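Please look over the sequence and the model shown here before reading on. The paragraphs that follow lead through the packing of its elements and some local features of its backbone.

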Amino acid sequence: MEAALAELKERLGTLADLRRAANVLMWDMTVWMPAGGNPSRASQLATLETVIHEHEVDERFGELFEVLGPYAASLPADSDDACLIRVAHRDWSKARRVPTKLAADLALTAAQSYEVWVKAREESDFASFRPWLERMVELRLRYIECFASYDDPYDVLLDDFEPGMKTDEVRAVFAVLEPELVALVAEHATDQKDEFMRGPFSIDSQRALSRELIERFGATWDQFRLDTTVHPYETEFGLGDIRLTTRYSDDDLSSLFTAMHECGHGLYEWGVSPSLDRTPLCSGASAALHESQSRLWENAVGRSLPFWRWFYPRVQAAFPNALEAVPLESFHRAINRARRSFVRVDADETSYGLHVILRFDLEQRLLSGRLAVKDLPEAWNTRLEELIGLAVPNDTLGVLQDAHWSEGSFGYFPTYLLGTVLSVQIWDKARAAIPDIDEQIERGDFHELYMWLRENIYSVGRKFTPAETVERVAGSPIDPQPYLRYLRGKLDAQAA
C-alpha cells in the first residue's frame, strides 16, 4: 500500500511539474514574447499538452486507484490522502474521455488564436478573428461530445471550471440577479463625470502604488511578480512563484483595482498548504471560489471607506495635481458610483454582473447551435443594450474585449458572477469572525483577514468539492440575496 501511494504521488508530481512548465510558456507568450514567436510557441504548447495528456491518462493510474481504493475508504474523509485519491481519480476518469490529439489541437489553436485576437482587438476587426473563433467553437463541440450523454452541453464545459455544478443551477441564480441588477442600474446609474478621475496619473506612480497594495495585503516580492499584459490575469509556477499581471492607462486608476483583484487570486494559490504541493490538490477549489477572493480584496476591502481612509493620502501624494484638492468623500463616491459601461473589467459593482450574464447567454446559444459565430457581434450589441442601455460603438468595446474565447475558455464567464456573489457571503463571515476588521483596515493592517481566509479557504486547496468548500466557509450554498443587500446598501448610501 505504501509503495502504491508513493508511486501515485510521484506520478502526480510529474504531472504537476509539466502543467507548471506549460504555465511558464503561456505566461511568457502573453507578457514578454515577441509576436513573431507565436508559431514556435504554439507548437511547443501543443507538444507539451500531448506529453501532459498522455501522462495524465496512463492506465497505470487506474491500477493504482484500484489498489488504493480500500485504503482511501479506511481514512477520515477529510484526510490529505483520502482527498488526494478521490480528486486524482476524478481527474483521471475525466481526462481519459478526451483523445490526446484533441487536447493538443485545443492547446495549439488557443495559442495561435490568442495572437490573432490581440491584433483584432486593437483594430476592432472581428472579421479577422472570426475563422479562429469558429475553429475554437468546433473544437469545443468535439470536446463536449467526449462526455455524451449529458443533460446540457454547457454542463460539460462548466464542469471544467466549477466541478459538479450544473447549468440549471447557474440559470437559477442568474434569474434572480438579472431583473434586480437591471432595475438597480436603471435607478442608480449616472452619467455624471468626475473630471478628477481622468488624471493624468503617472504610470510609474500607479506601478508603485500597485506594488505597495500587493505587499500590504501580504505578498512578498521574493515569491511574487507584477508585469503588464493586454488582458490581466494571475498564474503560478509553484507555491513560491506567483505571477500577477496588470495594465495601466494615464487617464484612470483602474490599475489599482486590477492589482488588488489579481493579488486576491495570487494570495489564494500562495496560501495552499505546502503539504499539498505537487499534487492536484495544490490549487483553488474552483473558478468561482477563486473569483470570490479576487472580488473580496478588490471590492469588499478595496472599495470600502475604511480602506480609503488609510490609502487615499498616499494616492493624493502620488497625484497632487489631480487629487490634492479632492476630498476623500468625493473620491470614495466616484469609485463606487453606478455607471453604464461597455467593458466588463472596468464596470462598477452594480453593472458588472450584467456583463457576465450577457456572455453566459451568448455562450449557451453558440454551443447549442442557436447562434452562429458570424452573428455574434450583432447579438452582443443587442443584448448589451437590453441589459445596460448602451449602444456599442465598435467591436473593441464589444465582442472582442475579452481574451477568453480566443483560448476556448467557454464555461468560465459565469464563475465571475458566481464568485462575486460568493465574495459577499464570505465577507460577512469574515466580518463576524473579526469584529474590529474596519479599524484594522483603516490602519492598513490586513494580516488577520489574510490569515482567516488562509485558514478557512486557501490552505485546503482542492481537498473538498467546490460545493463542500462553499458550505464550510459560507455556511450555505451560493446565495444571491446577501450580494443584492450589499449592493442596495452601497447605492442607498451613495444616494443619501
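**Helices, sheet and backbone**

Helices α11 and α17 are oblique to each other, because their angle falls in none of the other classes (under 35 degrees counts as roughly parallel, over 145 as roughly antiparallel, 65 to 115 as roughly perpendicular, and the rest as oblique). The model is a predicted one, in which local features need pLDDT of at least 70 and side-chain atom pairs count only at pLDDT 80 or more, whereas totals for chains, interfaces and linings use all residues. Residues are numbered from 1 along each chain as its sequence is written, and side-chain values use heavy atoms, with hydrogens and water left out.

Two packed helices are described by the angle between their axes and by the distance between those axes. For α11 (residues 287-301) and α17 (residues 413-433) the angle is about 60 degrees and the axes are 7 Å apart; here axes are lines fitted to C-alpha atoms, for helices over the stretch in contact, and angles run from 0 to 180 degrees between N-to-C directions. The elements themselves are DSSP runs numbered from the N terminus, with helices being H or I of at least four residues and strands being E of at least two. The crossing of α11 over α17 is right-handed (the near helix is turned clockwise from the far one by less than a right angle, while an anticlockwise turn is left-handed). On the α11 side the contact, meaning heavy atoms within 4.5 Å, includes A287, L289, E291, R295 and L296, and on the α17 side it includes Y416, L418, L422, I426 and W427. By class, this contact of α11 with α17 holds 11 nonpolar, six polar and two charged residues (Ala, Val, Leu, Ile, Met, Phe, Trp, Tyr, Cys and Pro count as nonpolar, Asp, Glu, Lys and Arg as charged, and the others, Gly among them, as polar).

Helix α11 also meets α10, and the axes of these two helices come within 7 Å and cross at roughly 135 degrees, which makes α10 oblique to α11. The crossing of α10 and α11 is right-handed, and the residues in contact include F257, M260, H261 and Y268 of α10 together with L289, E291, R295 and W297 of α11. The contact of α10 with α11 divides into six nonpolar, six polar and four charged residues.

Helix α10 (residues 254-270) in turn lies across β1, β2 and β3, running at about 160 degrees to β3. These strands form an open sheet of three, in the order β1-β3-β2 and with mixed pairing. Strands β1 (224-228) and β2 (234-238) stand at the edges, each with a single partner strand, so one side of each is left without a neighbour in the sheet. Neighbouring strands are turned by 20 degrees against each other on average, direction ignored. Strand β2 pairs with β3 (residues 241-246) in the antiparallel sense over four bridges, where pairing requires that DSSP finds at least two bridges between two strands; T235 has R243 in β3 as its bridge partner. Helix α1 (residues 2-31) packs on this sheet as well, touching β1, β2 and β3, and its direction makes about 140 degrees with that of β2.

Within α1, the side chains of E7 and R11 meet in a salt bridge with an N to O distance of 3.1 Å (a side-chain nitrogen of Lys or Arg within 4 Å of a carboxyl oxygen of Asp or Glu). Because E7 and R11 are four residues apart in helix α1, they are separated by about one helical turn. A search of the whole structure finds 42 salt bridges.

Another helix pair is formed by α5 (residues 100-123) and α6 (residues 126-145), which pack at an angle of about 155 degrees with their axes 9 Å apart and are therefore roughly antiparallel to each other. The crossing of α5 past α6 is left-handed. Among the residues that meet are L102, L106, V116 and W117 in α5 and F129, W132, L139 and Y143 in α6, and the contact of α5 with α6 comprises 11 nonpolar, four polar and four charged residues. In the loop between α5 and α6 is S124, which has a positive phi of about 50 degrees although it is not a glycine.

Two cis peptide bonds remain to be located. The bond from A148 to S149 is cis, with omega near 0 degrees, and S149 lies in the loop between α6 and α7 (153-161). The bond from G199 to P200 is also cis, with omega near 10 degrees, and P200 is found in the loop between α8 (167-188) and α9 (203-217).
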